[in-house]
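User: Please take me through this structure and set each term you use against its cut-offs.

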Amino acid sequence: MEMFRNKKNVALLLDPDKVNEEALPGILKSARKAGTDFIMVGGSLTFRSVENVIDLIRSNCSIPVVLFPGNLLQLSRKADLILLLSLISGRNPELLIGNHVIAAPYLKDVKEKLIPVGYILIGCGSKTSVEYISQTEAIPSDKTDIVVATAIAGEMLGLRMIYLEAGSGAGNPVPAEIIKAVRKEITVPLAVGGGIRTSEEAREIYEAGADLIILGNGCEKDLRLLNEACKLRDDLISK
Ligand code: 1GP
């Protein structure tokens, strides 16, 4: 996971259902110019084929594509990297082992692309799609101790990245105190996403210790956020 730790990274998350084929080349061009590290693809529920979106991205740019599968139907071996998510904040056995068993025969030949991730939902406002679809409860944002213990458990289980998720379109991003507390206790890379809408929020999240920030809705509204986040990353790396 050298690519994530000790270097700040920016990922642009594309929701397959919102990808507009005419606008995509322009968005990817801006993403490349800004220095975006990864394009992530996936969502809790998609009407459109994720694989088709990966093909479209590939035909327009060479930024590594990271699959962020919301469910088994979104699996594709075409991505450069695949997040093998374990929803460790929840107690849904399908999202802790059931889906992994079903996916294993399909993924066994691309093990080098897999990043086993401890995916932790934090309640940061109203109920998000990921909570409803996963049928799990997010950890309340004032229960820092539970988040920290969950992240430590994830690392102890051998997961190679912890992803603190407020949920797409969350009212607020994951609080900086939680990120700081988790950062202190784990050594694997820390990804943070959900509800990041301003560069101030991005800065706070980086400074709290995130190695990777994931931007979705905020960039759909205004791509300047992506530029600003990449600039921030560059400033922090050169410090
Ligand atoms: C969701 O963390 C991502 O899984 C991105 O969320 O769309 O709120 O930026 P936003």
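**The ligand site and an aromatic pair**

Analyst: The space that the ligand takes up is the largest pocket, a pocket being, on a 1 Å grid over the protein atoms alone, an open set of points with protein on both sides within 12 Å along at least five of seven lines. The model is predicted, so local features need pLDDT of at least 70 and side-chain atom pairs pLDDT 80 or more, whereas totals for chains, interfaces and linings use all residues. Residues are numbered from 1 along each chain as its sequence is written, and side-chain values use heavy atoms, with hydrogens and water left out.

User: What makes a residue one of those that surround the ligand, and how many are there?

Analyst: A residue counts if one of its heavy atoms lies within 4 Å of the ligand, and 14 residues surround it, the closest being E165, S168, G169, G195 and N217. Strands β7 (161-165) and β9 (212-215) each supply at least two residues of this shell.

User: Why is the approach of N217 to the ligand called a polar contact?

Analyst: A polar contact is a pair of N or O atoms within 3.5 Å; a polar side-chain atom of N217 lies 2.6 Å from a ligand oxygen atom, so the pair qualifies. The protein buries 96% of the 310 Å² that the ligand exposes when taken alone, by the Shrake-Rupley method with a 1.4 Å probe.

User: Why is the pair of F68 and Y119 called edge-to-face?

Analyst: Rings pair if their centres lie within 6.5 Å, and planes over 60 degrees apart count as edge-to-face; F68 and Y119 are 5.8 Å centre to centre with 85 degrees between the planes, so both conditions are met.

How values were computed:
A polar contact is a pair of N or O atoms within 3.5 Å; within protein, one must be able to donate a hydrogen and the other to accept it, and residues adjacent in sequence count only if both atoms are side-chain atoms. On a 1 Å grid over the protein atoms alone, a cavity is a set of points where a 1.4 Å probe fits but cannot get out, and a pocket is an open set with protein on both sides within 12 Å along at least five of seven lines; lining residues have an atom within 4 Å of a point. A molecule sits in a cavity or pocket if more than half of its atoms lie within 2 Å of its grid points. Helices (H or I, at least four residues) and strands (E, at least two) are DSSP runs, numbered from the N terminus. Rings of Phe, Tyr and Trp (its six-membered ring) pair if their centres lie within 6.5 Å; planes under 30 degrees apart count as stacked, over 60 as edge-to-face and the rest as tilted.
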